[in-house]
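Hi everyone, thanks for coming. I'd like to walk you through a structure that may be new to you. Let's bring it up on the screen.

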There are 2 protein chains.
Amino acid sequence: MGRRWNGWGDESYVKEVSDHGRALIHSIIGQPEPLPSVTLEQVTAQVPASRLPQHPLIVTDAEDRVRHARGQSFPDWLAMHSGEFGFFPDGVAYPETSGQVRELLDFAVQQDFEVIPYGGGTSVAGHITPQQSQRAILTIDMSRMNQLLDLNEESQIATFGAGTPGPLVESQLRARGYTLGHYPQSWELSTVGGWIASRSSGQQSLRYGRIEQMFAGGRMETLHGTLDIPTIPASSAGPDMREITMGTEGRMGIFTEVQVRVSRLAEEEKFFVYFMPNWQAAKKAVRELVQQRVPMSMMRVSNAKESKAHAHLGTKESQFKALDKFLRFRGLDDNRCMLTFGVTGTKFQNKTSLRQIRKVLKSNGGVGGVIANMMGTIWAEGRFKFPYLRESTWEEGIAIDTLETSTDWDNVDRLLNDIEETLENALKDENEEVMVFTHLSHLYSQGCSIYTTYFFRCADSYANTYKRWQKLKYGASEVIARQRATISHQHGVGKDHAPYLEAEKGKLGMRVLHTLADDFDPDQRLNPGTLLEQGKSYK
Amino acid sequence: MGRRWNGWGDESYVKEVSDHGRALIHSIIGQPEPLPSVTLEQVTAQVPASRLPQHPLIVTDAEDRVRHARGQSFPDWLAMHSGEFGFFPDGVAYPETSGQVRELLDFAVQQDFEVIPYGGGTSVAGHITPQQSQRAILTIDMSRMNQLLDLNEESQIATFGAGTPGPLVESQLRARGYTLGHYPQSWELSTVGGWIASRSSGQQSLRYGRIEQMFAGGRMETLHGTLDIPTIPASSAGPDMREITMGTEGRMGIFTEVQVRVSRLAEEEKFFVYFMPNWQAAKKAVRELVQQRVPMSMMRVSNAKESKAHAHLGTKESQFKALDKFLRFRGLDDNRCMLTFGVTGTKFQNKTSLRQIRKVLKSNGGVGGVIANMMGTIWAEGRFKFPYLRESTWEEGIAIDTLETSTDWDNVDRLLNDIEETLENALKDENEEVMVFTHLSHLYSQGCSIYTTYFFRCADSYANTYKRWQKLKYGASEVIARQRATISHQHGVGKDHAPYLEAEKGKLGMRVLHTLADDFDPDQRLNPGTLLEQGKSYK
């Protein structure tokens, strides 16, 4: 696979925009105009000389530095297409052992440079983007530590190099009859160490849990030495070191080897799509199912706007018309909401789950029937492909970004509506319309995640397009921060979300995080500016 | 209910030792001789003058101070029966609001005294025992903050005063159709704030989770002010403040109000007892069930020694003989292991769970039949009564203590055997035998808890009985610390387990905990000596 240097995923894969999908977008946001993109050669030509001292593990080639300068956030996207990168790491290292990571950290202290850990480079919140610094910056790319090192079948614990990406996690486990079951949308590129460092959550968290429930132990190299966290099923012996290190985003150290809880491959896995008559019926049904602890592996409910958008973007016009006719015949109008769910387990377990699920969906007016199975299969096949869409729309001048949070059930409607309204109105001063839609996934008895996608037209320049994005992102982020929700349910904090962290942690929570970071990294050498804003003090 | 001042629970309840149970104990440890016990009056007479300044919230009566001087550990038991208390708190406060706790903490700083938070006083690891100190010591008893303050039915979140004990948690919820489902053996006395502060786990953790999964948010009063943790279902926004505060055992502050995740009362709940032919078959069956994610609410497997002990202690001789005859007829000999389990949910869910459970148990040689349901009901009725047994045996000169840990499945047999052997041999130098037995409960896909009970004879004095206990406890604790297990799965650290914490946390883990405690409590004013040993430094 050749990886795109300035966008998502495999260069050979293109997700086309369907004609009626394009027509829907244009009908809302108007006719777009594309912006010109720079080439890799143009960018490598502007990479300045490296400030790093020589070291056998450090590479300073311009292309390596370009390819590690940015993640996948919208500002990253603009930088990679405009060529206005700002800053590049001064070099990249590709360690193959924990010992080499240790050596690089020791060298960083000795030579006074900064270190950014790099997993799959899939951050959408600025985690791995270098900032301006008087010191040189080394990016440590963990991709060569990508092996299944041990599989304990009795305890169902697998040990991986922290740089192992999703497909290599699963292929190495599947060869032995096991699965981790962690499928974030970034799965094709993101790594197990990155999932842990940023508290990731995957599409099948209903069965397998978030990465918090999978992370059993591991090794973190810190500036004070090696922190080994033993695998213990559960403990009341004080705060859990797994929980303290998870989500530190490189500010405490670098995970090099990790133990995760795996499962035997399930006998059967099936996905289905139902349509519910309206939002309230859909939300009530999924809440009922999760609060009744019905075993499922995933469940997602799209609001009417997302249901319409997906039906256009994900199908040919003829398919859409057939589906629309069928659903209208069954009494579902434009208020209908798409509900996608999966069951994973033994055939007996799935059968009993499906019986409970169908009962609740039907009692809330849900329609499945002949389409349920087929559309579920289509969802499963395309589950990691949505990020590729940004590529195709961008070439037409359409910008896409997403944002996500989670909140308690009683706050879902208000927060969701406020986020959508804020985004829809964010560019009114420019007379620009924004196409906005949302789904709930990651269901909990207490609440759920809210995941909103927005499409808008590129402005006449990169600078003005960035300004549009700022209005959208900052506006929605402020809504989230005001409404007892989290600034991120699954993307992490990085640099983009750091200013909003205090709203949910409080001053004393920020004090805790700064105290830990200051103790483990007194010179702000490890991924500075990520997770915690620089120059802030809470004492 | 009148609470025993020097032992467990309600004064009016007595759990008798059955004659054949007594005979079994004597056949192993020999004929015991009781030690004389002091009276409450004798103890109150020795309470010294209080060193605390006057304050309207502070009570300095001798009986209040005696009743808050000790928990329920074995050393506490010896102190409460010998009268050798060591130290008493200088006073007790019974705040009714978060504001009063805040006021007491501010007063503690202003007047330079120490503070010990007190929930149900059920610690078995020395959490709430005052140490010698130059400063006065105030125990803050949270028992007057015992109300259900709010129930959000949509988000299934209940807000309680942190001092609410188990029965008041459940009765207030049940009146509204809800349950928390947290049932540690200490449930009759222990409090929701105490569960959170010490990372408790209850008997039905398979369904409801540990307290970690229930704790949704809350308020902690600290010396730096109020830490409010909002209820957010899940988040990737950096380390979770719930996880950082849980298990701090009063060293960071005092929980005053807490939010917990509750469930609708289940349609049906049933408990059953099966007998498995031997330990390996029993262990294999329970591991298979939990790794297959079969929904259950509890599952516990006793080894052959515990199965025998429980059959004697828990039944009349005639009942035991009938059971023994039945099981031998079904082919189960002295190697048989008792397996207790429960299902909780809708009738349909329970039926499908039971079908899966019975299939796995039977394929591993399990015998249930007519006795399963009856014995399960007996277990459920007596589930909180075991601690009362200590009272009856003590009067005969038999000492009882328990210890517990958790480890991965592949380490269970070795660790369990090492613990039992260490205990059985710990008093060989005195030619004393120890009666030891064990069960596994709290099953996880990765491993399980190990809970060992030991009976031994009191020595000829309190001092020598304490020495016997030290040999037993220290010996087993060292085995646990050496074998990648936790020093406590559900009892917490307190003062008794603090010396063993470094074995599982590592030096860098200890550095994290000390850094946090030093920042939140620079003068070691909050529950000093608990969780972290005093005078240690990891920098």
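So, here we are. Keep in mind that this is a predicted model. Let's start where the chains meet: 85 residues of chain A are in contact with 85 residues of chain B. How much area is buried between chain A and chain B? About 6,800 Å², with carbon and sulfur atoms giving 54% of that. If you want residues to look for, try A:Ser236, A:Gln446 and A:Leu508. Together they supply 10% of the area that chain A buries against chain B, more than any other three residues.

Now for the charged pairs. Side chains of opposite charge can pair when their charged atoms come close. Between chain A and chain B there are 6 salt bridges. In one of the bridges between these chains, the side chain of A:Arg511 meets that of B:Asp519, at 2.8 Å from N to O. Polar contacts add to the picture, with 56 residue pairs between chain A and chain B.

Which element gives the largest share of the side of chain A that touches chain B? That is helix H19 of chain A, residues 501-520, which brings 12 residues. Sorted by class, this side of chain A has 30 nonpolar, 33 polar and 22 charged residues.

Next, how are the two copies arranged? Chain A superposes on chain B by a rotation of 180 degrees, with 0.0 Å of shift along the axis and an RMSD of 0.0 Å. The copies are thus related as by a two-fold rotation axis. What's more, 100% of the interface residues of chain A are also interface residues in chain B, so the copies meet through the same surface.

Let's look inside chain A. The domain assignment gives domain 1 (47-141), domain 2 (148-264), domain 3 (268-383) and domain 4, which is written in two pieces, 497-520 and 530-539. The C-alpha centres of domain 1 and domain 4 of chain A are 24 Å apart.

One last stop. Over all chains, the whole structure has 90 salt bridges. Among them is A:Arg484 with A:Asp410, whose closest N and O atoms are 2.9 Å apart. A:Arg484 sits in the loop between helices H18 and H19 of chain A, and A:Asp410 in the loop between strand S15 and helix H17, so this pair ties together parts 74 residues apart in sequence.

Thanks for listening!

Key:
Residues numbered from 1 in each chain as written. Chains lettered and ligands numbered in written order. Predicted model: local features only at pLDDT ≥ 70, side-chain atom pairs only at ≥ 80, totals over all residues. Heavy atoms only, no water. Contact = heavy atoms within 4.5 Å. Buried area = accessible area lost by both parts, 1.4 Å probe. Salt bridge = Lys/Arg side-chain N within 4 Å of Asp/Glu carboxyl O. Polar contact = N/O pair within 3.5 Å; in protein donor to acceptor, adjacent residues only side chain to side chain. Helix = DSSP H or I, 4+ residues; strand = E, 2+ residues; numbered from the N terminus. Nonpolar A, V, L, I, M, F, W, Y, C, P; charged D, E, K, R; others polar. Least-squares fit on C-alpha atoms with pLDDT ≥ 70 in both. Domains from an automatic or database assignment.
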